[in-house]
Amino acid sequence: MKEITYGYVRVSTHMQNEARQLAAMREFGVAEENIVTERLSGKDFNRPLYQDLVKKLQTEDVLVVKSIDRLGRNYDEILEQWAYITKERKAAIVVLDMPLLDTRQGRDLTGTLIADIVLQLLSYVAQTERENIRQRQAEGIAAAKARGVRFGRERLAPPPGFRKMARLWREGSISASAAAEKLDMSRDTFLRRAREYDSDI
């Protein structure tokens, strides 16, 4: 049976456009009926069209992707998918943005070795960069909090008479339920807001 070349196109959101990836697939020579397009987040691999495509791969079939992050979003996932497709399914992978990542039949041992080394290096660099971004974000948030910057929704002003009711509740002159009812609030909301504004009362 003649090998089949498939193309996999993924965009993470409906705001992204798959036209560039599709054009690259056609230019490579992937038949239109063999191009699979999926609009899903890459945060995990619960991607039904991708999973169906990979299960369909036969020995010597070729899977074409525009860039390596179409296979996964972190170091472990990319390597896992690469090994599964090339070792278990015995299919080839071509990454259009990185010509060295091409495991089609006919490549010599040196070429295959280079592809494995480049893959591991690229995956590691991508994962490290994501971790660095998360660390910079965390450091930025911590620094902003230290400067007194508040995050989350802005606190709404209390309803008229709130401070008076909160004071009466703290003095034990009125129950939280009665105070909340007078203010047209739920009891839980009244208690939460009373504690938030404790320092102001």
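## Exposed, buried or in between

A residue is called buried when its relative accessible area is under 20%, exposed when that value is over 50%, and partly exposed in between. V125 has a relative accessible area of 46%, so V125 counts as partly exposed. Keep this idea in hand as you look at the structure, which is a predicted model.

Now try I117. Why is I117 called exposed? Its relative accessible area is 51%, and the cut-off for exposed is over 50%.

## The overall plan

Let's step back to the whole protein. How many helices and strands are there? The protein has 7 helices and 4 strands. If you trace the elements starting at the N terminus, their order is β-α-β-α-β-α-β-α-α-α-α.

Of the 201 residues in the protein, 35% are buried. The accessible surface adds up to about 12900 Å², and carbon and sulfur atoms account for 51% of that surface. Contacts also link distant parts of the sequence: among those with a separation of 6 or more, 60% join residues 24 or more positions apart.

## Inside: two nonpolar cores

The largest nonpolar core contains 22 residues, and L63, L71, I85 and L101 have the most contacts inside it. Two or more residues of this core come from each of these elements: β1 (5-11), α2 (48-56), β3 (62-65), α3 (75-88), β4 (92-95) and α4. Helix α3 gives the largest share, with 4 residues.

There is also a second, separate core of 12 residues, which includes M165, A180, L183 and L191.

Which residues does L101 touch, apart from neighbours within four places in sequence? L101 is in contact with I68, W82, I93, V94, V95, A115, V118, L119 and L122.

## Along helix α4

Helix α4 spans residues 109-146, and I117 is found there. V125 lies in helix α4 too. This helix is worth a second look, since you have now met it in two settings: α4 gives two or more residues to the largest nonpolar core, while I117 is exposed and V125 is partly exposed.

What kind of surface patch do L121, Y124 and V125 form? Together they make a nonpolar patch, with about 320 Å² of accessible area between them.

Finally, find I117 and L100 in the structure. These two residues are 17 residues apart in sequence, and their C-alpha atoms are 9.8 Å apart in space.

Terms used
Residues are numbered from 1 along each chain as its sequence is written. This is a predicted model: local features need pLDDT of at least 70, side-chain atom pairs count only at pLDDT 80 or more; totals for chains, interfaces and linings use all residues. Side-chain values use heavy atoms; hydrogens and water are left out. Buried means under 20% relative accessible area, exposed over 50%, partly exposed in between (1.4 Å probe, protein chains only). Patches are made of residues with over 30% relative accessible area and no salt bridge: like charges are joined within 9 Å, nonpolar side chains (Val, Leu, Ile, Met, Phe, Trp, Tyr) within 5 Å. Accessible areas come from the Shrake-Rupley method with a 1.4 Å probe; for residues, only the protein chains shown count as cover. A salt bridge is a side-chain nitrogen of Lys or Arg within 4 Å of a carboxyl oxygen of Asp or Glu. A nonpolar core is a set of buried Ala, Val, Leu, Ile, Met, Phe, Trp, Tyr and Cys residues joined through side-chain atoms within 4.5 Å. Contact means heavy atoms within 4.5 Å.
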